[in-house]
Amino acid sequence: MIERREFLMTHTVSLIFEKSKEGKQGWSLPCNHFSDVEIHSLVEANLLRRVHPQLPSVSEPEIVRHYVTLSQKNFSVDTHFYPLGSCTMKYNPKLNEDAARLEGFAKIHPYQPEDTVQGMLHLLYDLEQSLREITGMDRFTLQPAAGAHGELCGMMLVKAYHDGRGDKARTEVIVPDSSHGTNPASAALFGFTVLTVKSDARGRVDLSELKKLAGPKTACLMLTNPNTFGLFEDEIREIQKCIHEAGGLLYYDGANMNALLGLARPGDMGFDIVHLNLHKTFSTPHGGGGPGAGPVGVKKKLIPYLPIPLVEQKNGTYFLNYDVPETIGRLRSFYGNVGMHVRAYTFIRRLGREGLAQASRDAILNANYIKKKIEKEFAVPHPEFCMHEFVAQAVHQNNLGVHATDIAKRLLDFGYHAPTIYFPLIVPEAMMIEPTESESKETLDSFIDVMNQIAREAVHFPDRLKQAPATLEISRPDDVAAARKPVLTYKDYLGAAHLHSEKPEPGTPCPC
Ligand SMILES: *Cc1c(COP(=O)(O)O)cnc(C)c1O
């Protein structure tokens, strides 16, 4: 039997260097563009490379096959159903890509004079108007490059607001115990003390606990609604009253707005600051597929603190406004990931008001459909109707020695990406399932059949689950080491002592 390591060496990643043969060539440079540029005169002598880089010499077909084969070993929304709760892995329409590749968007440079990029500025301006309307906020910055970056921006705005009023004692940020990990992390990173409010038996913020925590030190409450159980915080009016009466602000984590588009608005619920993930709700690529975008919207009283520049318009001419005296400053280079803004704008304009509302209705329907069809086999902590996602539990299976990890791994054998597991942290053996609106009934039905089959396997063939996945080239990598100490070069790969195949401890949260 060949060792797993050898198997990987010959079948997965190693081949491109091993195929190298001097004299083979798989590249070509454009002939006219650079041929008249004297590279040596532009780059300082001490910066010039003295030895050639060690690159493989392979032919074009070899390199194309290498990378296409690698890409096929991946799970992606273009190839697989991806019910990763809280991540909203919806389909990324190809029309978005067409728009982003239009020359007028793709080939402009951020240092171009404003009068030569009016089209892009117009789009950014209109995108802001759309996001305002969708959320009920008064202004947006499009700069933050991710949800967590938006949260950091939000924390800076919270501090600037309180400081601006001379209210310097507000050092505490309250988050629910079901909150996404980035919420307490962002608040702590910016220097706030994080207080956790418990969820009640209904999976919502425990209002009486919240009342005990809110006070003169409260800077803000960070809340996601629907929360990470997929449940709507139906006491949101009381929650907002409690925080506002204590003098704090309300921050809305709108990374997953997928249940509310066109149906309900955080601005109307009393939130003061909102961040959105365009790479979740608004169908722009996600994770390894592209840079993120986490625009932040605010109510009027926070507009003076927004990051610069803001995109504005006078007599039909668009411009970048840097004249914002109380701004928290610049949040990143240039103006945000504008290629993502083009994609999100395309998504919004394509669906329109009614289309967006229908997308949310379908997302809710799809989640409830799966929930209903698997709840005989898998425990569901909150059996009421859910919003765009729900949490199931592998607790019956636990008695058979099978954990949520094993179910998630077994799903890979059937060609499904795993749900988010062990999150929210307060639910034992959690599996958080979010199908999104982009899946057909056929896909949902197949997934349901597979989930129920896996539940039967847990009873009759538990080892099959514990050894899954059996069909993929890597079975059980060390998830944490893979994220924290990735082996990304051929040299490191050869140097890696062993390929991790230990089983992760059940209970390890998914780093989604
Ligand atoms: C994904 C997510 C975030 C973080 O967004 P990133 O773009 O990954 O930084 C924050 N909150 C919730 C609820 C999320 O689902």
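The legends below describe close-up views of a predicted model, first of its salt bridges and then of its nonpolar cores.

**View A. A salt bridge within helix H9 joins Lys-159 and Asp-163.** Side chains of opposite charge can pair when their charged atoms come close. In this view the closest N and O atoms of Lys-159 and Asp-163 are 2.9 Å apart, and the two residues are placed four apart in helix H9 (residues 147–164), which is about one turn of the helix. Lys-159 is partly exposed, since its relative accessible area is 37%, and Asp-163 also counts as partly exposed, with a value of 28%. This pair belongs to a structure that holds 27 salt bridges.

**View B. A salt bridge between Lys-301 and Asp-272 links distant parts of the chain.** The N-to-O distance in this salt bridge is 3.0 Å, and the partners are 29 residues apart in the chain. Lys-301 belongs to the loop between strand E7 (296–298) and strand E8 (310–314), whereas Asp-272 belongs to the loop between helix H13 (266–269) and strand E6 (273–276). Lys-301 is partly exposed at a relative accessible area of 37%, but Asp-272 is buried because its relative accessibility, 3%, falls under the 20% limit.

**View C. Lys-441 and Asp-445 form a salt bridge in helix H17.** Their side chains meet with an N-to-O distance of 2.9 Å, and the residues lie four apart, about one turn of the helix, in helix H17 (residues 441–460). Lys-441 counts as exposed because its relative accessibility of 51% is over the 50% limit, while Asp-445, at 23%, counts as partly exposed. Elsewhere in the model, Arg-202, Arg-204, Asp-234 and Glu-384 are joined into one network by salt bridges that share partners.

**View D. The largest nonpolar core has 53 residues.** Within this core, the residues that touch the most other members are Leu-131, Leu-210, Ile-239, Phe-271 and Phe-282. Helix H14 (residues 338–374) contributes eight residues to this core, which is the most that any element gives. Apart from this core lies another one, made up of 29 residues, including Cys-386, Tyr-422, Met-451 and Ala-455.

**View E. The surroundings of Leu-210 are shown by its contacts along other parts of the sequence.** When neighbours within four places in sequence are left aside, Leu-210 is in contact with Ile-174, Val-197, Val-205, Leu-221, Ile-239, Cys-242 and Ile-243. One of these partners, Ile-239, is also named with Leu-210 among the core residues that touch the most other members.

Note on methods: Residues are numbered from 1 along each chain as its sequence is written. This is a predicted model: local features need pLDDT of at least 70, side-chain atom pairs count only at pLDDT 80 or more; totals for chains, interfaces and linings use all residues. Side-chain values use heavy atoms; hydrogens and water are left out. A salt bridge is a side-chain nitrogen of Lys or Arg within 4 Å of a carboxyl oxygen of Asp or Glu. Buried means under 20% relative accessible area, exposed over 50%, partly exposed in between (1.4 Å probe, protein chains only). A nonpolar core is a set of buried Ala, Val, Leu, Ile, Met, Phe, Trp, Tyr and Cys residues joined through side-chain atoms within 4.5 Å. Contact means heavy atoms within 4.5 Å.
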